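Reader: Hi! Got a minute to go through this one with me?
Author: Sure, pull it up and ask away.

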Amino acid sequence: MHILIFPAGFILWYLAYESKPIINDEEVLHWKEKNSDKRNKLLNIINESF
């Protein structure tokens with residue numbers, strides 16, 4: 001039974017790996033900028049409270 005499960009798992013892993021989405025660099029940069037702004041605002045609030 002294990003002889004059939006391991007190859008099937010590798011085949012499914014390969015199919016999932018090949019179908020991963022393509023990352024759009026412009027969207028990633030916008031997302032990182034947005035999150036860094038939020039992080040900075042939160043850090044400022046925390047620093048002001050102490």
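Author: This is a predicted model, and the secondary structure of the protein chain comes to two helices and zero strands.

Reader: Is the chain compact or spread out?
Author: The protein chain is more spread out than a compact globule, because its radius of gyration is 21 Å, well over the 10 Å that the globule rule gives for 50 residues. Along its principal axes, the C-alpha trace spans about 60 × 30 × 5 Å.

Reader: Okay, what about burial: what percentage of the 50 residues is buried?
Author: Buried residues make up 0% of the protein chain. The chain exposes about 5,400 Å², with carbon and sulfur atoms supplying 66% of that area.

Reader: Let's take the helices. Where does α1 run, and how far does it reach?
Author: Helix α1 covers residues 2–18, which is 17 residues. From its first C-alpha to its last it reaches 24 Å, close to the 24 Å expected at 1.5 Å a residue. α1 is hardly covered, with a count of zero buried residues.

Reader: And α2, what are its numbers?
Author: Helix α2 takes in residues 25–49, and its end C-alpha atoms are 36 Å apart, which agrees with the 36 Å that its 25 residues should span. The number of buried residues in α2 is zero, so this helix lies largely in the open.

Reader: Switching topic, how many aromatic pairs are there?
Author: The count comes to one aromatic pair. The rings of tryptophan 13 and tyrosine 17 have centres 5.7 Å apart and planes at 25°, so the pair is stacked; the cut-off for stacked is planes under 30 degrees apart.

Reader: Nice. Where do those two sit in the helix?
Author: Tryptophan 13 and tyrosine 17 are four residues apart in helix α1, so about one helical turn separates them.

Reader: How exposed are they?
Author: Tryptophan 13 counts as exposed, at 55% relative accessibility. Tyrosine 17 is at 43%, so it counts as partly exposed.

Reader: Last one: how far apart are the mean positions of the positive and negative charges?
Author: For the 6 positive and 7 negative charges of the protein chain, the mean positions are 6 Å apart.

Notes. Residues are numbered from 1 along each chain as its sequence is written. This is a predicted model: local features need pLDDT of at least 70, side-chain atom pairs count only at pLDDT 80 or more; totals for chains, interfaces and linings use all residues. Side-chain values use heavy atoms; hydrogens and water are left out. The expected span of a helix is 1.5 Å times one less than its number of residues. Buried means under 20% relative accessible area, exposed over 50%, partly exposed in between (1.4 Å probe, protein chains only). The radius of gyration is taken over C-alpha atoms; the globule rule is 2.2 Å times the number of residues to the power 0.38. Accessible areas come from the Shrake-Rupley method with a 1.4 Å probe; for residues, only the protein chains shown count as cover. Lys and Arg count as positive and Asp and Glu as negative; His and the chain ends are not counted. The place of a charge is taken as NZ of Lys, CZ of Arg, CG of Asp or CD of Glu. Rings of Phe, Tyr and Trp (its six-membered ring) pair if their centres lie within 6.5 Å; planes under 30 degrees apart count as stacked, over 60 as edge-to-face and the rest as tilted.
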